[in-house]
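I open this notebook to record what I looked up in the structure shown below. The entries follow the order in which I consulted it.

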Amino acid sequence: MKLVRCEVNGSHYYDAEKYESCPHCQKEREKKNNMPQKIASDVTISLFDDMPSDNTDKETVSLEDSDNSLSKQIADSSASGNVEEIKTMAYYDFGQEQEPVVGWLVAINSAAKGKSFSLKVGKNNIGRSGAGNIVDVDLDKDVTVSRGVQAVIIYEPKKRQFLLQSANGSTLVYHNDDLLMNYIQINAYDRITIGETELVFIPFCSDKFSWEDQK
Amino acid sequence: MEFESRSFIGSRAEQQDHYNVIQDQKGLFAVLCDGMGGRKNGSLAAQSAVDIFSASYMRRNIDVDPKFLLTTAERADRYIATGIEDKSGCTVICTFIDADKKLMWVSVGDSRLYVFRSGRLRQVTKDHNYFYLLNRKLENNEINKEEYKTAGTRGEALISFLGMNGFELADISIRPLALLDGDIVLLTSDGLYKSLGDADIEKLLALHHGDLCVCADSFLDQVRTSNMSSIDNTSFILIKI
């Protein structure tokens, strides 16, 4: 047996002792030839995807696209690391559309004044979304906040504590008017200032309540 | 869903890999454990872990979710640490594919889970060996390349496995992964990927994905004829959606 990678389509392999050219490509050509011409001309066929039927508006599905989407799917589904950390992620994330709220941030000034942001178990990224950044608490109206994560609020369910941690962003973050350099435990009605926005922290989970007590 | 599994002792005196596959109306449950050769009773540890996982799955009314998978791994860990004489240990890779073709998994150690789609092989789980730590340290600039190289001689030693009485690292699906028709899921002990390498596994899957039985045989043929001086226990399960 002589394994050869197909030159036309880099993802095919075939036995060069049996076939002169790539049999998979041959099959696809035959498949294509049997299709209405209009579709065959603008649709790239992935090895395992069903042929698109009569819907010519369908997005082109290429081998590369489907492959990238699998990598992304895997990245979205998997957690690797410290058992206690992934437990926190897995138990609250799995199959739940709505993650249980553990506390809130309330904006008390600037463009977001009066708006509340829900906090969940584990890490809550605070900053401004856009340009490839996604954050949980999005101060999208405050342009004095750089894009990306500026601070992180962590709810740690074992000790039922909230921590405020600085991130690698370029916007200064203040906790009760003190510059945040590392991390600090936060309590009810503490003020967090990022850019021009001032946020007040309100805990829901505490000594008095925990989602774990409800199970 | 169809599946094939193979096991090969290699050049070792004892087969310490154990596995089980259960297919029922709920879906397909597969578990594979690799007993640690450096410790006594590695085979017994692996067999025990497979039994604990299988029995847990067979209990009535259980929902397979991350909590079930991790809790079962922890039970197996405690059992091996306290119930088996001498310090023994094993890896585990366990998967469940439900009737909607959703894949869930847990892994502790260096047995691996792969998904093959559209001619490409993707490794899903990470190996919990010393390299895992070294790579992290290298990324964080805590060690330089020279130190990495020196320490790398022990790189394949496991740092997380069942039998530690509290394993530190694990891989788990926090959300189910949606599989497509034609996808192939591969669970394997290190024997396969160390003998063949990902590129060869991908080649053989691309060539034989139409016939899972032929594919499994071709894996074993390649392992048998690999030029390595010593061949590790090799076990794997192939599942086609």
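What share of the contacts in chain A with a separation of 6 or more is accounted for by residues 24 or more positions apart? I found that such residues account for 33% of these contacts, a contact being heavy atoms within 4.5 Å.

**Entry: conventions.** I note that this is a predicted model, in which local features need pLDDT of at least 70, side-chain atom pairs count only at pLDDT 80 or more, and totals for chains, interfaces and linings use all residues. Residues are numbered from 1 along each chain as its sequence is written, chains are lettered from A and ligands numbered from 1 in the order in which they are written, and side-chain values use heavy atoms, with hydrogens and water left out.

**Entry: confidence.** I looked up the pLDDT, the predictor's confidence in each residue, from 0 to 100. The mean for chain A is 76, and 64% of its residues reach 70 or more. Over residues 31–66 of chain A the pLDDT is below 50, yet this stretch has 47 contacts in the model beyond near neighbours in sequence. Where pLDDT is low, the predicted coordinates should not be read in detail.

**Entry: the two chains.** I listed helices (H or I, at least four residues) and strands (E, at least two), which are DSSP runs numbered from the N terminus. Chain A has four helices and 14 strands; chain B has six helices and 11 strands. I then looked up burial, where buried means under 20% relative accessible area, exposed over 50%, and partly exposed in between (1.4 Å probe, protein chains only). In chain A, 41% of the 215 residues count as buried; in chain B, 59% of the 241 residues do. For chain B, 70% of the contacts between residues at least 6 apart in sequence join residues at least 24 apart.

I also recorded accessible areas, which come from the Shrake-Rupley method with a 1.4 Å probe; for residues, only the protein chains shown count as cover. The surface of chain A comes to about 12700 Å², of which 47% belongs to carbon and sulfur atoms. Chain B exposes about 10200 Å², with 46% supplied by carbon and sulfur atoms.

**Entry: nonpolar cores.** I searched for nonpolar cores, sets of buried Ala, Val, Leu, Ile, Met, Phe, Trp, Tyr and Cys residues joined through side-chain atoms within 4.5 Å. The largest has 36 residues, and those with the most contacts inside it are B:Phe29, B:Phe53, B:Leu162 and B:Ile172. Among the elements that each supply at least two residues of this core are α4 (83–93) of chain A and, in chain B, α1 (42–58) and α2 (66–83). The most comes from α1(B), with seven residues. Leaving out residues up to four places away in sequence, I found that B:Phe53 touches, among others, B:Phe29, B:Leu69, B:Cys94 and B:Leu162. Apart from this core lies another, of 25 residues, including A:Phe117 and A:Ile192. In soluble globular proteins, nonpolar side chains tend to be buried together.

**Entry: salt bridges.** I counted a salt bridge where a side-chain nitrogen of Lys or Arg lies within 4 Å of a carboxyl oxygen of Asp or Glu. By this rule there are 20 over all chains.

Why are A:Lys72 and A:Asp76 separated by about one helical turn? The reason is that they are four residues apart in helix α3 (residues 63–77) of chain A. Their side chains meet in a salt bridge at 2.9 Å, N to O. A:Lys72 counts as exposed at 52% relative accessibility, and A:Asp76 as partly exposed at 36%.

A:Glu84 and A:Lys158 meet at 3.6 Å, N to O. This pair links distant parts of the chain, 74 residues apart: A:Glu84 is in helix α4, and A:Lys158 is in the loop between β8 (148–156) and β9 (161–166). A:Glu84 is partly exposed at 37%, whereas A:Lys158 is exposed at 64%. I noted further that A:Glu84, A:Lys87, A:Lys158 and B:Glu74 are linked in a network of salt bridges.

In chain B, the closest N and O atoms of B:Glu202 and B:Arg120 are 3.9 Å apart in a salt bridge. B:Glu202 lies in helix α5 (residues 190–208) and B:Arg120 in strand β7 (residues 120–123), 82 residues apart. Is B:Glu202 buried or exposed? B:Glu202 is buried, with a relative accessible area of 11%, while B:Arg120 is partly exposed at 26%.
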